[in-house]
Amino acid sequence: MNFLKPESVYNLSNIREDLIRMEDTIIFNLIERSDFPCMPSIYEKNSAQIKIPDFDGSFLDWLFQQHETVESQVRRYQSPDQYPFYPQVVKKSFLPAIEYPKLLAEYFREVNVNGEIMDVYINKMIPRVAKDVGDECENFGSTALVDIFTLQSISRRIHFGMFVAEAKFQADREKYTALIERRDVDGIMANITNSAVEENILKRLMEKAKAYGTDPTAGNQGTSKVHPEAVVGIYKDWVIPLTKKVEVEYLLRRLEDKDF
Ligand SMILES: O=C(O)C(=O)C[C@]1(C(=O)O)C=C[C@@H](O)C=C1
């Protein structure tokens with residue numbers, strides 16, 4: 001889909017196509033992450049193992065903030081599919097602003113679940129994919145870089161929930177308006193849920209993770225670089241539920257933007 005062409009954005013099959021493409025990026029990032037151990041020191045605030053001058057936070061916080069500061073200056077966070085983890089470090093770009101058409105309700109920047117994504121990534125996802133526990137001091141930088149790419153790819157996927165939600169709202173304004181007016185969270189959740197689509201995603205992920213993680217010429221001897229079940233579990237337990245959370249949060253406020 002093309003953000004400069006709103007009609008392409010409100011098309012659920014276009015959106016789902018993009019979500020499928022993102023699976024590839026996320027799986028490859030998780031495969032990269034599985035090459036390193038858990039590496040607890042890089043997530044620990046003011047770790048004794050990694051002393052960072054004049055900084056209050058973890059090594060990952062430090063590196064990620066440098067990234068977001070740089071990337072914001074080339075307009076990363078102007079794009080409606082990009083949400084910063086550290087909004088306080090985002091800078092204005094020297095490039096001219098891109099005039100995106102209005103694609104989402106006016107408050108959309110306030111829907112940001114990156115805090116929660118960071119928490120489950122460090123505490124739940126990494127233990128599922130990392131090769132073992134402990135630190136590997138020589139790879140602090142490489143691991144934190146992979147973490148940044150993985151977190152960004154997962155965050156983009158989850159915040160895409162707002163496009164899904166907007167497409168669903170526009171396809172049936174009456175039904176969603178009634179649910180939103182009643183603050184019927186369970187009703188909204190039931191209506192945005194499509195179990196067949198979810199099951200398909202999980203099946204496809206299993207096959208993709210097996211294929212992408214294995215040497216295609218090794219036959220049955222090949223061992224997968226990432227446990228396919230771990231990738232499926234990460235989607236089932238966090239990626240899809242957080243996407244749905246974003247959809248519901250976005251929809252609950254949808255009537256605030258009356259003219260849209
Ligand atoms: O494709 C949709 O309709 C979505 O809402 C996205 C998504 C997902 O996260 O992949 C979430 C909820 C649905 O049950 C199916 C899939």
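**Exercise 1. Work out what the chain is built from and how it is packed.**

Start with the elements: this predicted model has 10 helices and zero strands. Reading from the N terminus, the order is therefore simply α-α-α-α-α-α-α-α-α-α.

Next, look at the overall dimensions. Along the principal axes, the C-alpha atoms fill a box of roughly 55 × 50 × 35 Å. A compact globule of 260 residues would have a radius of gyration near 18 Å, and the chain's 20 Å agrees with that.

Now check the inside. Buried residues make up 28% of the 260 residues. Of the contacts with a separation of 6 or more, 73% join residues 24 or more positions apart.

**Exercise 2. Find the largest nonpolar core and say which helix gives the most to it.**

First, some background: in soluble globular proteins, nonpolar side chains tend to be buried together.

Here, the largest nonpolar core has 47 residues, and Met162 and Val231 have the most contacts inside it. At least two residues each come from α2, α3, α4, α5, α6, α7, α9 and α10. The top contributor is α10, with eight residues.

Then zoom in on Val231. Leaving aside residues up to four places away in sequence, Val231 touches Ile27, Leu30, Leu205, Ala209 and Val226.

**Exercise 3. Decide whether helix α6 is largely enclosed or not, and name its packing partners.**

Step one is to find the helix: α6 covers residues 161-171.

Step two is to list its buried residues. They are Gly161, Met162, Phe163, Val164, Ala165, Glu166, Lys168 and Phe169. That makes eight of the 11 residues, so α6 is largely enclosed by the rest of the structure.

Step three is to see what they pack against. The buried residues of α6 meet α1, α2, α5, α7, α8 and α10.

**Exercise 4. Compare Met39 and Arg183: what is unusual about phi, and is each residue buried or exposed?**

Keep in mind that most residues other than glycine have a negative phi.

Take Met39 first. Its phi is positive, about 65°, although Met39 is not a glycine. You'll find Met39 in the loop between α2 and α3. Met39 counts as buried because it has 25 C-beta neighbours inside 10 Å.

Now Arg183. Its phi is positive too, near 55°, and Arg183 lies in the loop between α7 and α8. With 9 other C-beta atoms within 10 Å, Arg183 is exposed.

So both have a positive phi, but Met39 is buried whereas Arg183 is exposed.

**Exercise 5. Go back to the loop between α2 and α3 and describe the surroundings of Tyr43.**

Tyr43 is found in that loop. It has 20 C-beta neighbours inside 10 Å, and 20 or more is what it takes to be buried, so Tyr43 makes the cut.

Who are the neighbours? Not counting residues up to four places away in sequence, Tyr43 touches Ser58, Leu60 and Ile122. Tyr43 and Ser58 are 15 residues apart along the chain, yet 5.2 Å separates their C-alpha atoms.

**Exercise 6. Describe the shell around the ligand.**

Begin with the count: 13 residues surround the ligand, and the closest are Thr193, Asn194, Val197, Ile240 and Thr243.

Then sort them by type. The shell divides into six nonpolar, three polar and four charged residues.

Finally, trace them back to the helices. At least two shell residues each come from α2, α9 and α10. The biggest share belongs to α10, which gives four residues.

How values were computed:
Residues are numbered from 1 along each chain as its sequence is written. This is a predicted model: local features need pLDDT of at least 70, side-chain atom pairs count only at pLDDT 80 or more; totals for chains, interfaces and linings use all residues. A residue is buried if 20 or more other C-beta atoms lie within 10 Å of its own, exposed if 12 or fewer, and partly exposed in between; C-beta atoms are placed from the backbone. Two residues are in contact if their C-beta atoms, placed from the backbone, lie within 7 Å. A residue is near a molecule or strand if its C-beta atom, placed from the backbone, lies within 6 Å of it. Ala, Val, Leu, Ile, Met, Phe, Trp, Tyr, Cys and Pro count as nonpolar, Asp, Glu, Lys and Arg as charged, and the others, Gly among them, as polar. The radius of gyration is taken over C-alpha atoms; the globule rule is 2.2 Å times the number of residues to the power 0.38. A nonpolar core is a set of buried Ala, Val, Leu, Ile, Met, Phe, Trp, Tyr and Cys residues joined through C-beta atoms within 7 Å.
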